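Biologist: Could we take a close look at one part of this model together? I would like to start from its surface and then follow the strands.

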Amino acid sequence: MKPARQSVVIPLPVEDEWPHPPGDEWDWQESVVLCFQDLHHRVGGFIRIGHHPNRNTGNLTFGVVTPEGGYNRSAQDLPMRDGDRSKRGFALDGFVSAIFDEASSAWRAEDAECAIDLRVTNFHPLYDTWALSGLTGGFRDKFAASHTEAPGAVSGTVRVGQQTWSIQGFAYRD
């Protein structure tokens with residue numbers, strides 16, 4: 001009988017969430033993702049901020065859903081601006097930002113049609129997802145070294161058009 005595989009949870013420091021020095025590859029990239037939902041108000045969303053610092057561009061996927069409809073703003077190869085890569089976070093297009101602290105993160109975005117101001121509090125310390133899965137070696141190190149995941153509680157406000165919701169719900173960060 002084959003022995004059960006033991007999983008190893010490798011806790012990661014908050015610094016692993018912050019922007020890293022880019023690798024040498026032209027297409028080197030890193031990104032942060034948030035999915036969130038308030039079941040009571042039926043408001044949720046998906047945000048991805050992706051940086052290609054060697055190309056000085058970024059990719060944005062942003063969507064919010066509400067009972068009345070929603071809002072989407074997505075674009076590729078946006079020019080990165082000064083300050084888009086800060087010590088503790090990511091921003092893009094003068095529209096969206098994510099800042100990371102020890103056990104929480106702040107996500108903000110605003111334009112004429114939509115605004116969010118969200119705080120995500122992690123349910124547990126950050127951990128290395130790939131190490132937990134058992135994936136090792138060059139692929140892991142090249143593809144997604146120290147890749148963090150964290151479920152959490154989300155609270156804050158979401159505005160689409162003229163309607164604003166104060167939300168409390170669940171979130172998942174990648």
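Biologist: Which residues make the nonpolar surface patch of about 360 Å²?

Modeller: Happily! Leu39, Phe123 and Phe170 make that patch (residues with over 30% relative accessible area and no salt bridge, nonpolar side chains Val, Leu, Ile, Met, Phe, Trp and Tyr joined within 5 Å, like charges within 9 Å; Shrake-Rupley areas, 1.4 Å probe, only the protein chains shown as cover; salt bridge: Lys or Arg side-chain nitrogen within 4 Å of an Asp or Glu carboxyl oxygen). This is a predicted model, with local features needing pLDDT of at least 70 and side-chain atom pairs 80 or more, while totals for chains, interfaces and linings use all residues. Numbering starts from 1 along each chain, and side-chain values use heavy atoms, without hydrogens or water.

Leu39 sits in the loop that links β1 (30–38) to β2 (43–52) (strands are DSSP E runs of at least two residues, numbered from the N terminus). Leu39 counts as exposed because its relative accessibility is 57% (exposed is over 50%, buried under 20%, partly exposed in between).

Now to the strands. β11 (residues 148–160) pairs antiparallel with β9 (residues 114–122) through nine bridges (pairing takes at least two DSSP bridges), and there Thr157 of β11 faces Asp117. Strand β10 (residues 127–128) also joins β11 in the antiparallel sense, over two bridges, with Asp128 partnered by Thr148. Eleven bridges connect β11 with β12 (residues 163–173), again antiparallel; Pro151 has Tyr172 of β12 as its bridge partner. β11 and β12 form a hairpin with two residues between them, and Gly161 in the turn has a positive phi of about 65°.

Key:
Helices (H or I, at least four residues) and strands (E, at least two) are DSSP runs, numbered from the N terminus. Buried means under 20% relative accessible area, exposed over 50%, partly exposed in between (1.4 Å probe, protein chains only).
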